[in-house]
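User: Before I rely on this fold in my own reading, I would like to go through the reasoning behind the labels attached to it. Could you take my questions one at a time?

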Amino acid sequence: MQYRFVLPADYDMAIIRRRIAERGRRTDGLRGLRFKAYLNADRGMVDLPTRENLYAPFYLWDDNEGMNAFLCGDGFAGVSDAFGRPSVASWSVWGAELSPMLASARFATSVHETIPPHAVLAEWRHREIERNARARADGALAAVSAFEPTTWSLVRFRLWPEPRPDHARDGAQIYAVGHVSTGPAPTTD
């Protein structure tokens, strides 16, 4: 799941970074959450080229119940009160490869792609699962691929410990990661 706020060109993005620093830990340990990456892009940053100022958190949920509890709860109400209620994109996850170190991510990339009308979905899913494994082997701390069957589109999301020159060439939206929350620690019986 992801929502995005496109902020004015002259918006002081320090406000967003401060908001993340002050409030980011509120979702640490949230039930049903695999991870939430607090993402921002600042058009003034030379090392993260972007055309827009963005605040765009990305979530991976264990199930719909966790997502619904969040969207109906105080945390999302606070974001909606501050910036207006956003349109929330949600996808069906084809595959997710996560490092135990994903909370140390400092950068993220996101690529959106249209799935052609006659594509064999099983083949696309298989290729995305392989891409996730390659991204993890290449240093990604998280590699998620998911599709949305209303618009037949795909999102390929990655968390990284540092930016890489090839990210901009790949047409990816590049974000700074202000904080990564993960869900409750696994229990052992």
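User: What makes the two links from Arg156 to Glu113 and Glu128 polar contacts?

Analyst: This is a predicted model, and within it the side chain of Arg156 lies 3.2 Å from the side chain of Glu113 and 2.7 Å from the side chain of Glu128. A polar contact requires a pair of N or O atoms within 3.5 Å, one able to donate a hydrogen and the other to accept it, and therefore the pair with Glu113 at 3.2 Å and the pair with Glu128 at 2.7 Å are both counted under that limit.

User: Why is Arg156 called buried or exposed, whichever applies?

Analyst: The relative accessibility of Arg156 is 11%, and buried means under 20%, so Arg156 counts as buried. Arg156 is found in strand β8, which covers residues 153-160.

User: Which residues is Arg156 in contact with, leaving aside its neighbours within four places in sequence?

Analyst: With those neighbours left aside, the contacts of Arg156 are Thr109, Ser110, Val111, Glu113, Glu128, Arg131, Val144 and Ser145. Glu113 and Glu128 thus appear in this list as well as in the polar contacts, at 3.2 Å for Glu113 and 2.7 Å for Glu128.

User: Arg131 is in that list; why is Arg131 given its own accessibility class, and where does Arg131 lie?

Analyst: Arg131 lies in helix α4, residues 121-137. Its relative accessibility is 34%, and the class between 20% and 50% is called partly exposed, so Arg131 counts as partly exposed. Beyond its neighbours within four places in sequence, Arg131 is in contact with Arg156 and Arg158, while the C-alpha atoms of Arg131 and Ala143, twelve residues apart in sequence, are 8.3 Å apart in space.

User: What is the accessibility class of Leu121, and what surrounds Leu121?

Analyst: Leu121 is also found in helix α4, and with a relative accessible area of 31%, between the limits of 20% and 50%, Leu121 is therefore partly exposed. Leaving aside neighbours within four places in sequence, Leu121 is in contact with Trp94, Ile115 and Trp152. Leu121 and Phe147, 26 residues apart in sequence, are 9.9 Å apart from C-alpha to C-alpha.

User: What is notable about phi of Trp152, and why is Trp152 placed in its accessibility class?

Analyst: Phi of Trp152 is near 50 degrees, a positive value in a residue other than glycine. Trp152 is found in the loop between β7 (142-148) and β8, and its relative accessible area of 36% falls between 20% and 50%, so Trp152 is partly exposed.

User: How do you know whether Leu60 is buried or exposed?

Analyst: The relative accessible area of Leu60 is 5%, and the limit for buried is under 20%, so Leu60 is buried. Leu60 is found in strand β4, residues 58-61, and outside its neighbours within four places in sequence, Leu60 is in contact with Leu33, Arg34, Phe35, Val93, Ala96, Leu98 and Val144. Val144 also appears among the contacts of Arg156. From C-alpha to C-alpha, Leu60 and Trp91 are 9.7 Å apart, with their places 31 residues apart in sequence.

User: How does the radius of gyration of the chain fit a compact globule?

Analyst: With 189 residues, a compact globule would have a radius of gyration near 16 Å, and the chain has 16 Å, which agrees. The C-alpha trace spans about 45 × 45 × 30 Å along its principal axes, and 43% of the 189 residues count as buried.

User: What share of the contacts join residues at least 24 apart, and which elements make up the chain?

Analyst: Among contacts between residues at least 6 apart in sequence, 76% join residues at least 24 apart. The secondary structure comes to five helices and nine strands, which follow the pattern β-α-β-β-β-α-α-β-β-α-β-β-α-β along the sequence.

User: How many positive and negative side chains does the chain have?

Analyst: There are 23 positive and 23 negative side chains, and the centres of the two sets lie 2 Å apart. The accessible surface of the chain comes to about 10,300 Å², of which 51% belongs to carbon and sulfur atoms.

Conventions:
Residues numbered from 1 in each chain as written. Predicted model: local features only at pLDDT ≥ 70, side-chain atom pairs only at ≥ 80, totals over all residues. Heavy atoms only, no water. Helix = DSSP H or I, 4+ residues; strand = E, 2+ residues; numbered from the N terminus. Buried < 20%, exposed > 50% of the residue type's maximum accessible area, 1.4 Å probe, protein only. Contact = heavy atoms within 4.5 Å. Rg over C-alpha atoms; globule rule 2.2 N^0.38 Å. Areas by Shrake-Rupley, 256 points an atom, 1.4 Å probe, with all protein chains shown as cover. Lys, Arg positive; Asp, Glu negative; His and termini not counted. Charge placed at Lys NZ, Arg CZ, Asp CG, Glu CD.
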